[in-house]
Amino acid sequence: MERHVTSATDSNGSNQEFDIAVVGGGISGLVTGLTAAEFGATTVIIDAHALGGRARTTDRDGFLLNTGPHALFLRGHLQQFLAARGLSPSGNAPPGKRVRLLRHGQLQTMGLSPIGIVTTSVLRPRSKVRAASLFARLPRMKTNQFVGVPWQEFLGNEADDVAGLLATIVRTATYVNAPERFDAGAALDQLKLALAGVRYVDGGWHTIVDSLTTAFESHGGTVVTGQPVSSIVAGDTVTIETSLTSISAKAVILAGLAPDTVGRIVNSGIPDQAGSSVRAAVLDLALNRVHDGVVFGIDEPLYLSPHGPTARLCPAGCGLVSLMRYVPDGDVVQAEDGGNELDLNRLVRLAEQVGISSNDIVDQRYLHRLVVAHGFPEAGGGGMDGRPTIDSLGIDRVLVAGDWIGPNGQLADASSASGESAARRAIELIAGHQGTRV
């Protein structure tokens, strides 16, 4: 159920004061708000739109479309945060025991196991042994030795076919298509996390949004939506100016916002380590039949996976397939320049190549250059530890959280990990500020 509050005023019409205000109502903001509220802080979450951010799910006649392909990492921070509160969503692992790899325009099958690797025709005989050895050693690998090493440089030490396979799987686990800048240590850590298992969520990711919102409100949290925040001014208290009102708080956390949005709101520069955004072109196909099989592109940055009925995202007997092209770092082609048509046509050809015809499609949605993450850990910036910190704005009692913040996790796991850390730090700050207590 969508919650919508248009103001934050008390019964006398005066603006409310809160211990903690969270600007941004996506996964990061909801984790931040819930953590603060669990400590007993009076907390408000403010968003210009409905809650959910990029975790929103759209219902199109029973087909539940996430905002791009989403998978929950079973050993990631978000899943652990949810499970600790009894909020772990149901769902299933993607059908990935055997996948198809697209190389030179041809589809070849490979099992994602040591036996599958050594029997595939995708790899040369010597490469099969090397790949099997790498995947066997990966869970115990000390990845800190590769921090500061570009992913492309790491891959350069492998045979072309092994490097292509590693690049493909890491691209799938991170959405990052920037091998010359992406940190190898971060890439390998995310690969280890992905191989530990992922889940497609029943009902879409908005079920996570709803469960976090309900938990937040059960702890007395306030939700304000439909009010863009224009500025934040720090003084004895921190004042948040929205399109309709002013809200005062002892501490503010900007959660899940893009770096340039953060800079605009606080009227200050953002940390240089913020990096560039990660983007993808996404085509969702609602089918009148079930489609099985996962496809990863080796020499093209492509992906295809049936998210429904793997998870409960479509009507019985139907299918929901997500296709994606990982946009290369630095590719700034816009829709009006032909990028829209080029990306879409390539995804349509991939669907046709796996046997999906126009007669199978009952609905479709195309998202051009969707922002998947607002930043990624760069080798030149020191990898995960080099990312901006929760207090990197340098403004008293104004913190930041999101998928580009902090040393822990990537994608939604970074959002939740930094959100929890920011909330805990805000509690400490306001408890020590002029002797006040939460």
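**Panel A. Strand 14 and strand 18 run antiparallel and are joined by nine bridges.** In this legend and those below, strands (E, at least two residues) and helices (H or I, at least four residues) are DSSP runs numbered from the N terminus, and two strands pair if DSSP finds at least two bridges between them. The model is predicted, so local features need pLDDT of at least 70 and side-chain atom pairs count only at pLDDT 80 or more, whereas totals for chains, interfaces and linings use all residues. Residues are numbered from 1 along each chain as its sequence is written, and side-chain values use heavy atoms, with hydrogens and water left out. Val278 stands opposite Ala373 in strand 18. Strand 14 (residues 278-287) is also joined to strand 17, in the antiparallel sense, by eight bridges. Two positions illustrate this second pairing: Ala281 stands opposite Arg325 in strand 17, and Val282 has Met324 of strand 17 as its bridge partner. Nine of the ten residues of strand 14 are buried (under 20% relative accessible area; exposed is over 50% and partly exposed lies in between, with a 1.4 Å probe and protein chains only). Strand 14 is therefore largely enclosed by the rest of the structure.

**Panel B. Strand 16 pairs with strand 15 and with strand 17.** Seven of the seven residues of strand 16 (residues 302-308) are buried, so the rest of the structure largely encloses this strand. Strand 15 (residues 294-297) pairs with strand 16 in the antiparallel sense over two bridges, and the two form a hairpin with four residues between them. Within this hairpin, Phe296 stands opposite Tyr303 in strand 16. Strand 17 (residues 319-326) is also antiparallel to strand 16, the pairing extending over six bridges. Ser305 faces Ser322 of strand 17 as its opposite residue.

**Panel C. Seven strands form an open sheet with mixed pairing.** The strand order is 8-7-15-16-17-14-18. Strand 8 (106-111) and strand 18 (361-373) are the edge strands, each pairing on one side only. Neighbouring strands of the sheet are turned by 25° against each other on average, direction ignored. Helix 6 (residues 160-174) lies across strand 7 (98-103), strand 8, strand 15, strand 16 and strand 17, contact meaning heavy atoms within 4.5 Å. Helix 6 runs at about 120° to strand 15; axes are lines fitted to C-alpha atoms, for helices over the stretch in contact, and angles run from 0 to 180 degrees between N-to-C directions.

**Panel D. Three strands form an open, antiparallel sheet in the order 5-9-6.** Strand 5 (72-73) and strand 6 (91-92) are at the edges with a single partner strand each, so one side of each is left without a neighbour in the sheet. Two bridges support the antiparallel pairing of strand 6 with strand 9 (residues 198-201). Gly91 stands opposite Val201 in strand 9.

**Panel E. Aromatic pairs include Phe146 with Phe154 and Phe182 with Phe376.** Rings of Phe, Tyr and Trp (its six-membered ring) pair if their centres lie within 6.5 Å; planes under 30 degrees apart count as stacked, over 60 as edge-to-face and the rest as tilted. By this rule there are five aromatic pairs. The ring centres of Phe146 and Phe154 are 5.0 Å apart and the planes stand at 85°, so the pair is edge-to-face. Phe146 counts as buried at 19% relative accessibility, as does Phe154 at 9%. For Phe182 and Phe376, the centres are 6.0 Å apart and the planes at 85°, so this pair is edge-to-face. Phe182 lies in the loop between helix 6 and helix 7 (184-195) and Phe376 in the loop between strand 18 and strand 19 (398-401), so the pair ties together parts that are 194 residues apart in sequence. Phe182 is buried, with a relative accessible area of 1%, and Phe376 counts as buried at 4% relative accessibility. Ring pairs also link Phe146, Trp151 and Phe154 into a cluster.

**Panel F. Arg85 lies over the face of Phe81.** The distance from the ring centre is 3.6 Å. A charge sits over a ring if NZ of Lys or CZ of Arg is within 6 Å of the ring centre and within 35 degrees of the ring normal.
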